[in-house]
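Reader: Please take a close look at one part of this model: its nonpolar and aromatic side chains.

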Amino acid sequence: MTIQNIIFLLVVLAGFGLFAWQVRKIRANISHGRDRDMSGDVGERLKKTLLVAFGQQKMFKRITPALLHLIVYVGFLVINIEVIEIVIDGLFNTHRILGFTGGFYNALTATNEILSALVIIAVAAFWWRRNRTEPVRRFRGTEMRAWPKLDANLILYIEAALMVALFLMNTADLKLHQVENAYLPGAYPISGLLTGLLPDNATTLLVLERLGWWVHIVGILLFLNYLPSSKHFHIIMAFPNVYFSRLMPQGQFSNVDSITHEVKAMMDPTYQVPTPPASEGAEAAPTTFGAKDVNDLAWTNLLHAYSCTECGRCTSVCPANLTGKLLSPRKIIMDTRDRMEEKYNSPLIFDPALYGPAAKHEPQEQLDKENHTLLRGYVTPEELWACTTCNACVEACPVNINPLESIIEMRRFLVLEESAAPNSLNVMFSNIENNGAPWAFSPSDRFNWADELYVAEK
């Protein structure tokens, strides 16, 4: 094993080790959420994962970004095969180890080159859509602070740089073999057009090939460790998020079991309230109704926060947001992630949630650090009550994130723990309790509207 192999081994171990350390912290953050049984329905969940996560099914509601995203997505999948070859070559001092596969390798390298060129074009189009004088509306918003904007551009720059390094490696390698009259396995339709740009000196070509090779693989490892700090982490988390997405009809709301039992007992005196499960000798700690902070949300809601692409499709179809109200479903998800990393682990090399003065949150009702919670510390009641529960945001999300669940849980806390519902809702609750209907009329007057009708009998 040469010095270069040893250095490469240390670089790979450091890259994957640091990534594993960050993923472990993210997993710990998600595990702070309330337990929710998501077992069962394996077949249906796998089908949904294949269609929505692997098949990009929901992306194709908008054809232009869908095609651009598809190029980057397929390029990511195919180029990963090439990364396997680079790792093997780096560890065992080989060169293009997969070349023995002949025709398959020709197809693989040619596909890689074509996709890499298309990725550069797609990245340029994405950059233009975000940074032109009038960017696409869904890329704007109060939650798109300094870091989310910079993060989106950094991802594009890194992807373009990785593709340029790949072409430098291939072109220099191809030209070097041409100069030495040697055979290079593979087909290189793009690099073959670029060889005229490089010198004919063999030593210089070898240096350029090694430079491209190292920049490409080290860049991939650095990018891998950048992901947990970035919205681009969705390229990993989207798959478990889709698998564990809810299967019940979107309009169906969850009930609080204890309240359901109480209502049933009130309406039917013979109803037997189930005995709560024993907690191994100790009394179960009382739980709050709804969610005040991130640990009151289900772990699937916290998983959503790490799966968000910040694409803004949810906010762009939100009727409340479109009519100028404060609610932005994307902000609810981004706030959840920021609060989670503020309260528990920041699995990141740096803290992007606090990047730049414009990124700092302005708590509306924050009294001190102990009272700094997701509700009111990040999300205001005004945002929550603006929601129409139409499920448009849920339907629009390309990775099945459900902002409505978090909104409903925080509303539930406001109503059941703080009695802080808007006055109009309190009036409705009082009418339901006293009159059995949302209106302020006695049950005995319900048929007064029929007094003027001509009927023989009532």
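Author: The core comes next, then the surface patch, then the aromatic rings.

This is a predicted model, where local features need pLDDT of at least 70, side-chain atom pairs count only at pLDDT 80 or more, and totals for chains, interfaces and linings use all residues. Residues are numbered from 1 along each chain as its sequence is written, and side-chain values use heavy atoms, without hydrogens and water.

The largest nonpolar core holds 70 residues. A core is a set of buried Ala, Val, Leu, Ile, Met, Phe, Trp, Tyr and Cys residues joined through side-chain atoms within 4.5 Å. Buried means under 20% relative accessible area, exposed over 50%, partly exposed in between (1.4 Å probe, protein chains only). I30, L327, L384 and M410 touch the most other members. Helix α5 (residues 146-179; helices are DSSP runs of H or I, at least four residues) gives the most to this core, with 7 residues. Apart from this core lies another, of 7 residues, including V78 and Y105.

The surface has its own nonpolar feature. M1, I3, I6, I7, L9, L10 and L13 make a patch of about 710 Å². Patch residues have over 30% relative accessible area and no salt bridge (Lys or Arg side-chain nitrogen within 4 Å of an Asp or Glu carboxyl oxygen), with nonpolar side chains joined within 5 Å. L10 sits in helix α1 (residues 3-31). L10 is exposed because its relative accessibility is 54%.

Now the rings. The whole structure has 9 aromatic pairs (ring centres within 6.5 Å; planes under 30 degrees apart are stacked, over 60 edge-to-face, the rest tilted). F54 and F239 have centres 4.6 Å apart and planes at 45 degrees, so this pair is tilted.

Note on methods:
Helix = DSSP H or I, 4+ residues; strand = E, 2+ residues; numbered from the N terminus. Patch = residues over 30% accessible without salt bridge, like charges linked within 9 Å, V, L, I, M, F, W, Y side chains within 5 Å. Areas by Shrake-Rupley, 256 points an atom, 1.4 Å probe, with all protein chains shown as cover. Phe/Tyr/Trp six-rings, centres within 6.5 Å; stacked < 30°, edge-to-face > 60°.
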